[in-house]
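Subject: The structure, and some notes to go with it

Hi there,

Here is the structure I promised to pass on. Please have it open while you read, as my notes follow below.

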Amino acid sequence: MAENIQKIAAEELISIQVINSIDYSFSTGPIMGKWFQGLKEKKFYATKCPSCGRTMTPPRGCCALCVVRSEDFVEVGPKGTVVNYDIAYYASPDPLTGKVRKTPYSALFVMLDGSARDIFAHEIKDDDIPKLKRGVRVRPVWNEVRTGSIHDLLYFEIDG
Ligand SMILES: [Zn+2]
């Protein structure tokens with residue numbers, strides 16, 4: 001038995017490195033379609049639950065708390081308040097490209113003005129990372145060319 005284990009360990013391991021990528025598109029549907037259309041117009045849309053009144057950003061077609069349809073849109077933001085944040089100093093490689101992102105970068109959790117409970121995650125401008133703290137006010141910085149994607153919003157920056 002021990003002899004077999006030593007024999008297996010001595011064999012050369014073969015590994016194959018493969019990058020899997022599938023080019024595809026999907027329909028956003030009416031709820032997320034409104035969200036992405038809003039980003040194109042420099043607006044944030046949320047859905048409002050007709051039962052409990054909470055806003056959901058990005059919008060969802062159903063309130064998970066009340067289990068009722070929520071298809072009424074309200075505009076929230078564009079400014080908001082930092083609820084929490086993470087700063088990454090050690091980036092892991094992108095699984096699709098193998099490239100490592102420049103550090104530090106942030107994961108920002110913002111309560112957009114008019115939102116009741118839901119927070120929206122994005123990032124803060126690199127220059128503002130040292131000034132990040134809970135409660136600080138932020139505003140969005142939009143991409144000059146917007147196509148109706150999350151990349152229409154470049155990042156948030158500290159307001160003021
Ligand atoms: Zn609800």
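Let me begin with C63: with a relative accessibility of 0%, it counts as buried in this predicted model, because anything under 20% is put in that class. C63 is also one of the ligands of the zinc ion, which is coordinated through the SG atoms of C49, C52, C63 and C66, at 2.3 Å. C66, for its part, is partly exposed, with 26% relative accessibility. The four donor atoms make angles of 104 to 116 degrees, and the site is tetrahedral. If you would like to find the donors by eye in the sequence, look for the spacing C-x2-C-x10-C-x2-C.

Next, the backbone. As a reminder, most peptide bonds are trans, and most residues other than glycine have a negative phi. Here are some places to look at with that in mind.

The peptide bond from T57 to P58 is cis, with omega near -10 degrees. P58 sits in the loop between strand 2 (55–56) and strand 3 (62–63), and T57 lies in the loop between strand 2 and strand 3 as well. Is T57 buried or exposed? T57 has a relative accessible area of 1%, so it is buried. The side chain of T57 also makes a polar contact of 3.5 Å with the side chain of S115.

Another cis peptide bond joins T103 and P104, and there omega is about -5 degrees. You will find P104 in the loop between strand 6 (80–88) and strand 7 (105–112).

Then there are residues with a positive phi that are not glycines. K42 has a phi near 65 degrees; its place is in the loop between helix 2 and strand 1 (44–48). With a relative accessible area of 41%, K42 is partly exposed. V67 also has a positive phi, of about 55 degrees, and is located in the loop between strand 3 and strand 4 (68–69). V67 counts as exposed, at 63% relative accessibility.

On to the charged side chains. Side chains of opposite charge can pair when their charged atoms come close. How many salt bridges does the structure hold? The count is nine, and these are the ones I would show you.

R69 and E71 meet through their side chains in a salt bridge, with 3.0 Å from N to O. R69 is exposed, at a relative accessible area of 61%, whereas E71 is partly exposed, at 45%.

The side chains of D126 and K102 form a salt bridge too, with an N to O distance of 3.5 Å. D126 is in the loop between strand 8 (120–122) and strand 9 (137–142), and K102 is in the loop between strand 6 and strand 7, so this pair ties together parts that are 24 residues apart in sequence. D126 has 37% relative accessibility and counts as partly exposed, while K102, at 63%, counts as exposed.

In the salt bridge between D159 and R139, the closest N and O atoms are 2.5 Å apart. This pair links distant parts of the chain, 20 residues apart: D159 belongs to the segment after strand 10 (153–158), and R139 to strand 9. D159 is partly exposed, with a relative accessibility of 23%, and R139 is partly exposed, with 30%. D159 and R139 also belong to a network of salt bridges that links K79, K125, R139, E157 and D159, so you may like to display those residues together.

Finally, a look at the surface. Which residues form a nonpolar patch there? They are I14, I16 and V18, and together they have about 390 Å² of accessible area. I14 is in the loop between helix 1 (2–10) and helix 2 (29–40). With a relative accessible area of 78%, I14 is exposed, since the class starts at values over 50%.

If you are short of time, I would start with the zinc ion and its four cysteine SG donors, then turn to the cis bond from T57 to P58, and then to the network that includes R139 and D159.

Happy browsing, and do write back with your thoughts.

Best wishes

Methods: Residues numbered from 1 in each chain as written. Predicted model: local features only at pLDDT ≥ 70, side-chain atom pairs only at ≥ 80, totals over all residues. Heavy atoms only, no water. Donors = N, O, S within 2.8 Å, 3.2 Å for Na, K, Ca; no water. Tetrahedral: all angles 85-135°; square planar, octahedral: opposite > 155°, others 65-115°. Buried < 20%, exposed > 50% of the residue type's maximum accessible area, 1.4 Å probe, protein only. Patch = residues over 30% accessible without salt bridge, like charges linked within 9 Å, V, L, I, M, F, W, Y side chains within 5 Å. Areas by Shrake-Rupley, 256 points an atom, 1.4 Å probe, with all protein chains shown as cover. Salt bridge = Lys/Arg side-chain N within 4 Å of Asp/Glu carboxyl O. Helix = DSSP H or I, 4+ residues; strand = E, 2+ residues; numbered from the N terminus. Polar contact = N/O pair within 3.5 Å; in protein donor to acceptor, adjacent residues only side chain to side chain.
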